[in-house]
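The following exercises concern the structure shown below. Work through each task before reading its solution.

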There are 2 protein chains.
Amino acid sequence: MQKTSNSLVDTLRHRRQKLANLINFPAILWSGSINPRNFLANHFPFRASSHFLYFAGLPLPNAAIRLEAGKLELFIDDPHPSSALWHGEMPTCNEIADKIGADSAKPMAELESRLEGAATIPVQDAATWTQQSQLLNRWVLPQQPPQEIDLELAKAIISLRLTHDESALTELRKAAAVTVAAHKAGMAATSKAKLEAEVRAAMEGVIISHNMTTSYNSIVTVHGEVLHNEQYHHPLQPGDLLLADVGAETEMGWAADVTRTWPVSGKFSSTQRDIYDVVLAAHDACIAKIYPDVEYEDIHLLAATVIAEGLVDLGILQGNPQDLVEMDAYALFFPHGIGHLLGLDVHDMEDLGDLAGYEEGRKRSDRFGLGYLRLNRPLRPGMLVTIEPGFYQVPAILHNREMRAKYENVVNWQRLSQFADVRGIRIEDDVLVTHKGSEVLTAALPNATSEVEDLVIRN
Amino acid sequence: MQKTSNSLVDTLRHRRQKLANLINFPAILWSGSINPRNFLANHFPFRASSHFLYFAGLPLPNAAIRLEAGKLELFIDDPHPSSALWHGEMPTCNEIADKIGADSAKPMAELESRLEGAATIPVQDAATWTQQSQLLNRWVLPQQPPQEIDLELAKAIISLRLTHDESALTELRKAAAVTVAAHKAGMAATSKAKLEAEVRAAMEGVIISHNMTTSYNSIVTVHGEVLHNEQYHHPLQPGDLLLADVGAETEMGWAADVTRTWPVSGKFSSTQRDIYDVVLAAHDACIAKIYPDVEYEDIHLLAATVIAEGLVDLGILQGNPQDLVEMDAYALFFPHGIGHLLGLDVHDMEDLGDLAGYEEGRKRSDRFGLGYLRLNRPLRPGMLVTIEPGFYQVPAILHNREMRAKYENVVNWQRLSQFADVRGIRIEDDVLVTHKGSEVLTAALPNATSEVEDLVIRN
């Protein structure tokens with residue numbers, strides 16, 4: 001029986017008891033090792049495996065936990081005596097064990113005697129998955145779907161992590177609040193900024209000042225049509241829209257993921273406003289539709305419909321909106337899914353491929369409009385998802401000969417050319433499914449054009 | 001013959017011609033791969049191997065170059081057609097080859113036919129050194145000293161990278177300038193900051209806004225006595241000194257490395273000022289002594305002497321300063337080396353162990369005062385080194401029973417207790433060895449107590 005009692009200990013005990021109800025074999029989760037950058041002592045910031053974090057609570061490098069029947073065994077070496085000079089006094093193995101309510105604490109070398117019959121999940125860094133493979137005497141590979149007991153373990157963990165407990169939600173709300181502040185700072189910094197990098201600095205500065213990290217590499221770009229743009233060197237021009245997809249991650253690893261798009265000048269052009277309002281209408285319609293038991297794919301198709309309707313109204317698409325959705329014509333301009341799971345990972349549990357995102361028995365569609373959908377499950381209370389419709393003029397799509405031929409009659413290309421100042425718009429919020437419907441964790445960040453303009457201009 | 005002519009092409013051609021003068025076998029340098037963080041698509045920012053960067057000029061992931069007799073062959077795959085959707089139009093293999101003046105450009109798969117007799121240097125990430133080992137059919141391990149032709153190659157590259165050409169110096173000056181601005185911003189942000197993290201944010205914000213990265217994980221701490229402190233959660237108290245060791249790295253990978261220590265209140269206490277001035281005297285004396293042919297170890301010992309003298313004057317140490325240096329008593333308070341090489345890595349070429357830092361035939365001392373010295377060579381024009389004396393009250397040293405016994409008679413422990421508000425001070429600049437002596441690349445950042453106080457208080 002645990003003697004210590006605090007919320008972290010209680011949370012972790014509760015999580016592993018739930019796991020014990022689902023599997024009848026031991027699970028060993030490694031935290032991962034530190035990735036060297038230039039050389040051993042110049043390394044990337046440590047990020048523990050999310051599965052480890054979920055059950056161990058603390059980002060401990062070079063550690064493992066063994067979970068069986070609700071018991072937690074911690075494996076971690078005491079700090080080397082000489083490390084006190086460089087790193088200060090570090091907690092001992094036993095002190096850490098107390099903090100997380102472990103039933104026992106042993107050096108890593110003793111893990112070897114506790115491996116039998118244990119399932120695991122591969123950690124991303126090669127040093128660790130190599131070690132996992134060697135110790136368990138089978139391949140444990142991050143890019144390969146788990147098999148047998150590893151698959152059973154993955155499914156059990158997914159069923160826990162799919163919906164968030166109160167402790168997780170407390171962290172996710174913190175990440176959301178700091179992310180909201182970061183976006184406001186980014187808008188406020190725009191009028192004085194000459195480069196994308198300067199707006200990025202203002203946004204990440206807020207995240208760093210709260211002792212958090214970014215949960216993914218920020219996108220802060222006037223080329224929103226490049227969906228995963230990690231360049232920040234472009235100058236800001238008065239007619240540009242700036243798309244910022246930036247999220248904070250708490251010290252314990254919980255993520256936010258938010259996008260706003262605002263005019264560099266502080267004023268949307270009429271064409272920018274027209275498209276923005278279509279995207280916002282899709283965003284609002286989707287969030288209004290989020291309830292338990294609703295299929296997330298239907299949320300995606302709702303966004304598709306609202307976008308198709310809006311583009312028909314603007315004369316960019318022509319035809320019946322429902323037909324345009326069925327032929328994936330909307331995806332010319334919205335070529336990604338409406339969102340994804342969010343939790344300890346920004347695409348939560350994507351290390352397990354589609355195991356978490358897709359309900360058992362479902363597979364990715366090969367349709368142009370559905371193939372990029374990362375989540376295809378009925379919604380359940382406690383799930384946190386992003387809602388992130390967008391509109392992009394991606395040259396690789398719009399200049400593609402096959403695409404142009406296929407959609408020749410439904411796109412008014414001449415009308416489209418009048419919207420050349422809209423390269424990319426996305427509006428993304430983090431939405432918790434509740435028993436009554438939904439709660440937008442990032443609701444404090446405005447998204448209406450007039451409010452966004454105010455935040456940009458005010459400075 | 002090269003047709004393109006620009007400074008990057010010329011610089012790279014010059015570097016590989018110098019390499020060709022030193023070795024008569026081919027060298028293959030890999031750039032390294034992207035380290036996944038949570039999952040494959042959520043990765044750490046890419047950092048190319050420094051040896052690759054030196055000869056290839058651009059941070060290209062998953063690439064290799066083969067150097068032989070002054071010729072450069074580039075191996076890199078063209079971007080996958082589908083990547084244009086997510087990453088935009090990327091340069092082709094041939095476009096990159098033009099940019100860096102490569103003599104040929106081929107897909108990675110063709111590297112296999114060009115391996116014979118080639119030397120290499122291991123890249124830090126396991127995916128890459130595993131690939132290097134497999135392709136070359138021998139172990140190529142980052143933590144193992146290079147052998148045979150790999151050792152010859154390492155020595156040849158070291159002899160080039162030890163002194164910087166004009167192109168490198170241009171980059172190093174950029175990194176230094178942004179680092180100076182970052183430190184000024186950190187000082188300016190202190191009066192309004194409540195946490196270490198907020199000062200860190202102000203400093204890293206400047207670096208990000210210039211589209212640079214940090215060249216190492218920042219140290220911004222009121223616990224300067226923890227030498228490699230990567231925690232930022234402590235509150236700032238009026239009596240604290242804040243130690244900030246923060247450096248920028250340019251897009252091409254060139255680093256700066258600067259430390260300042262300032263009073264949170266904007267005013268040094270008299271004890272803080274006394275110790276600060278001892279450290280500053282050591283700093284200034286060392287820089288004044290930097291000339292070609294001077295032994296860097298002598299610079300370290302000069303710092304030791306000035307610190308010993310200063311601490312004798314303050315009554316903390318007692319005895320003859322020269323004796324105190326010989327018995328390593330100064331190292332109780334200055335337990336690291338006076339500095340290191342600086343270039344593409346913050347500890348330049350430390351991936352090769354002491355091969356770069358130590359002149360051939362020299363080894364690390366086992367003396368307490370000299371064992372942490374990272375550079376032990378005669379200085380040469382074009383070398384960039386840090387000068388970073390410090391004073392720390394490290395509990396692991398000062399509370400160590402053996403240490404206390406050994407230095408019982410030379411430390412006035414009672415007098416020392418009056419300096420309890422000085423936990424850690426370091427002053428670090430980046431100093432280029434010139435033909436005439438030296439040039440401090442970071443000289444624009446003040447270090448005198450009154451100037452530092454002004455910068456903190458002005459805001």
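**Exercise 1.** Determine the strand order of the open sheet of 3 strands in chain A, and identify its edge strands.

*Solution.* The model is a predicted one. Step 1: reading across this open sheet, the strands of chain A come in the order β8-β9-β11, and their pairing is antiparallel. Step 2: an edge strand pairs on one side only, and in chain A this applies to β8 (219–221) and β11 (258–263). Step 3: the average angle between neighbouring strands of this sheet, direction ignored, is 10 degrees.

**Exercise 2.** How many bridges join strand β9 of chain A to β11(A), and which residue of β11(A) stands opposite A:Leu242?

*Solution.* Step 1: strand β9 of chain A comprises residues 241–246 and is joined to β11(A) by 6 bridges, the two strands running antiparallel. Step 2: the residue of β11(A) opposite A:Leu242 is A:Trp262.

**Exercise 3.** Describe which strands of chain A are touched by helix α8 and which are crossed by helix α7.

*Solution.* Step 1: helix α7 of chain A, residues 166–190, lies across β9 and β11 of chain A, and the angle it makes with β9(A) is about 155 degrees. Step 2: helix α8 of chain A, residues 196–209, packs on the sheet and touches β8 and β9 of chain A. Its direction makes about 145 degrees with that of β8(A).

**Exercise 4.** Analyse the open sheet of 4 strands in chain A.

*Solution.* Step 1: this sheet of chain A has the order β1-β4-β5-β6, and its pairing is mixed. Step 2: β1 (27–30) and β6 of chain A each pair on one side only, and they are the edge strands. Step 3: from one strand to the next, the twist averages 20 degrees. Step 4: within the sheet, strand β4 of chain A (residues 64–68) runs antiparallel to β5(A), with 5 bridges joining them. Step 5: A:Ile65 has A:Leu74 in β5(A) as its bridge partner.

**Exercise 5.** Which residues of helix α4 of chain A are buried, and why are they placed on the same side of the helix?

*Solution.* Step 1: helix α4 of chain A spans residues 93–100, and its buried residues are A:Cys93, A:Ile96, A:Ala97 and A:Ile100. Step 2: around the axis these residues cover an arc of only 105 degrees, and therefore they lie on the same side of α4(A). Step 3: the elements of chain A against which they pack are α1 (7–20), α2 (50–56), β5 (71–75) and β6 (104–106). Step 4: α4(A) lies across β5 and β6 of chain A, at about 150 degrees to β6(A). Step 5: the residue that follows α4(A) is A:Gly101, with a positive phi near 70 degrees.

**Exercise 6.** Why can chain A be called as compact as a globular protein of its length?

*Solution.* Step 1: chain A contains 15 helices and 16 strands. Step 2: the globule rule gives 23 Å for 459 residues, and the radius of gyration of chain A is 24 Å, close to that value; chain A is therefore as compact as a globular protein of that length. Step 3: the C-alpha trace of chain A spans about 70 × 50 × 40 Å along its principal axes. Step 4: of the 459 residues in chain A, 51% are buried.

**Exercise 7.** What relation links chain A to chain B, and through which surface do the copies meet?

*Solution.* Step 1: a turn of 180 degrees, with a shift of 0.0 Å along the axis, lays chain A on chain B with an RMSD of 0.0 Å. Step 2: this is the relation of a two-fold axis. Step 3: of the interface residues of chain A, 100% are also interface residues in chain B, so the copies meet through the same surface.

Definitions and conventions: Residues are numbered from 1 along each chain as its sequence is written. Chains are lettered from A and ligands numbered from 1 in the order in which they are written. This is a predicted model: local features need pLDDT of at least 70, side-chain atom pairs count only at pLDDT 80 or more; totals for chains, interfaces and linings use all residues. The radius of gyration is taken over C-alpha atoms; the globule rule is 2.2 Å times the number of residues to the power 0.38. A residue is buried if 20 or more other C-beta atoms lie within 10 Å of its own, exposed if 12 or fewer, and partly exposed in between; C-beta atoms are placed from the backbone. Copies are superposed by least squares on the C-alpha atoms of residues with pLDDT of at least 70 in both. Two residues are in contact if their C-beta atoms, placed from the backbone, lie within 7 Å. Two strands pair if DSSP finds at least two bridges between them. Axes are lines fitted to C-alpha atoms, for helices over the stretch in contact, and angles run from 0 to 180 degrees between N-to-C directions. The arc is that of the directions from the helix axis to the C-beta atoms.
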